[in-house]
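Reader: I have a chain on screen and want to learn to read it. Where do we begin?

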Amino acid sequence: MFYPGIHTKPEQNNGHLILFFMMLVFAASTAVGFVSAAQASDTSHDIQSGQLLFQKNCAACHGSEGGGGVGVPLNMSDFLSTTSDEYLKKTIQLGRPGRIMPAFSTLSETQVNNLVHYIRSWKPKIKTPVYSQKK
Ligand code: HEC
């Protein structure tokens with residue numbers, strides 16, 4: 001990694017090495033700062049992009065606020081308090097074969113998560129149930 005050239009003196013190389021490490025430390029610390037800043041604003045961003053995805057893909061059937069239509073209502077407390085995130089995600093990704101609910105297999109993992117965040121935002125006080133996943 002470190003090749004002393006014919007014309008360079010060892011102390012010059014050390015200088016470069018120290019500079020290199022300082023830059024590494026600087027890069028690492030800015031990267032960490034960036035990640036935590038991104039995490040802090042995560043939730044509102046997720047909900048916003050989830051809302052856009054919902055208006056585009058789901059509102060026609062489930063209503064613009066999840067009140068239902070062709071599709072079942074999704075914004076009811078009873079539904080959200082008994083439904084795990086995993087169930088919502090799987091329903092979106094796989095649909096309901098043989099029923100009207102389509103599979104959204106082209107949505108990315110992040111997009112599906114954002115949709116779930118948005119659906120949850122209708123009833124922010126409801127605690128999301130977590131079920132153990134047995135395979
Ligand atoms: C073409 C109409 C249609 C579209 C578009 C649609 N759905 Fe559905 N969805 C339905 C119907 C109908 C059901 C009821 C499925 C059944 O009969 O089991 C359903 C069921 C669901 C359920 C399960 C509800 C329950 O009680 O178990 C969820 C969650 C859901 N949809 C979310 C979504 C999301 C999120 C989108 C957008 C990415 C979406 N749906 C797009 C028609 C639709």
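Author: Begin with contacts along the chain. In this predicted model, residues 24 or more positions apart account for 57% of the contacts with a separation of 6 or more.

Reader: What is the secondary structure of the chain?

Author: The chain has six helices and zero strands. Read from the N terminus, the order is α-α-α-α-α-α.

Reader: How much of the chain is buried?

Author: Of the 135 residues, 13% count as buried.

Reader: What about confidence? Which element has the lowest mean pLDDT, and which the highest?

Author: Take the whole chain before its parts. The mean pLDDT is 83, and 67% of the residues reach 70 or more. Among the elements, helix 1 (residues 10-40) has the lowest mean, 56. Helix 3 (residues 59-62) has the highest, 98. Look also at residues 32-40. There pLDDT stays under 50. For that stretch the model has zero contacts beyond four places in sequence.

Reader: Now the core. Which residues form the largest one?

Author: The general idea comes before the case. In soluble globular proteins, nonpolar side chains tend to be buried together. Here the largest nonpolar core has ten residues: Phe54, Cys58, Leu74, Leu88, Ile92, Val112, Leu115, Val116, Tyr118 and Ile119. Helix 5 (85-94) and helix 6 (109-121) are the elements that give two or more residues to this core. The largest share, five residues, comes from helix 6.

Reader: Pick one core residue. What does Phe54 contact?

Author: Set aside neighbours within four places in sequence. Phe54 is then in contact with Ala59, Leu115 and Tyr118.

Reader: And Leu74? Why is Leu74 counted as buried?

Author: Count C-beta neighbours. Leu74 has 21 of them inside 10 Å, so Leu74 counts as buried; the cut-off is 20 or more. Leu74 sits in the loop between helix 3 and helix 4 (77-81). Beyond four places in sequence, Leu74 touches His62, Gly66, Phe79 and Ile119. Take His62. Leu74 and His62 are twelve residues apart along the chain, and their C-alpha atoms are separated by 7.1 Å.

Reader: Back to helix 6. How do I read a helix?

Author: Check its span, then its faces. Helix 6 has 13 residues and reaches 18 Å from first C-alpha to last, close to the 18 Å expected at 1.5 Å a residue. For the faces, use the turn. An α-helix has 3.6 residues a turn, so residues three or four places apart point the same way. The buried residues in helix 6 are Val112, Asn114, Leu115, Val116, His117, Tyr118 and Ile119.

Reader: Thr110 is in helix 6 too. Is Thr110 buried or exposed?

Author: Thr110 has 11 C-beta neighbours inside 10 Å and therefore counts as exposed; the cut-off is 12 or fewer. Its distance to Asp46 is worth a look. Thr110 and Asp46 are 64 residues apart along the chain, with their C-alpha atoms separated by 8.7 Å.

Reader: What lies on either side of that helix?

Author: Leu107 is in the loop between helix 5 and helix 6. Lys125 is in the segment after helix 6.

Reader: Why is Leu107 partly exposed, and why is Lys125 exposed?

Author: Use the same neighbour count. Leu107 is partly exposed because 17 other C-beta atoms lie within 10 Å. Lys125 is exposed because 6 other C-beta atoms lie within 10 Å.

Reader: What do Leu107 and Lys125 pair with across the sequence?

Author: Leaving aside neighbours within four places, Leu107 is in contact with Ile92 and Val112. Leu107 and Leu53 are 54 residues apart in sequence and 9.4 Å apart in space, C-alpha to C-alpha. For Lys125, look to Ser81. They are 44 residues apart along the chain, and 9.8 Å separates their C-alpha atoms.

Reader: Last, the ligand. How many residues surround the ligand, and which are the closest?

Author: List the shell, then sort it by class. The ligand is surrounded by 20 residues, and the closest are Cys58, Cys61, Gly71, Ile100 and Met101. Helix 3 and helix 5 are the elements that give two or more residues to this shell. By class, the shell has 14 nonpolar, four polar and two charged residues.

Notes:
Residues are numbered from 1 along each chain as its sequence is written. This is a predicted model: local features need pLDDT of at least 70, side-chain atom pairs count only at pLDDT 80 or more; totals for chains, interfaces and linings use all residues. Helices (H or I, at least four residues) and strands (E, at least two) are DSSP runs, numbered from the N terminus. Two residues are in contact if their C-beta atoms, placed from the backbone, lie within 7 Å. pLDDT is the predictor's confidence in each residue, from 0 to 100. A nonpolar core is a set of buried Ala, Val, Leu, Ile, Met, Phe, Trp, Tyr and Cys residues joined through C-beta atoms within 7 Å. A residue is near a molecule or strand if its C-beta atom, placed from the backbone, lies within 6 Å of it. Ala, Val, Leu, Ile, Met, Phe, Trp, Tyr, Cys and Pro count as nonpolar, Asp, Glu, Lys and Arg as charged, and the others, Gly among them, as polar. The expected span of a helix is 1.5 Å times one less than its number of residues.
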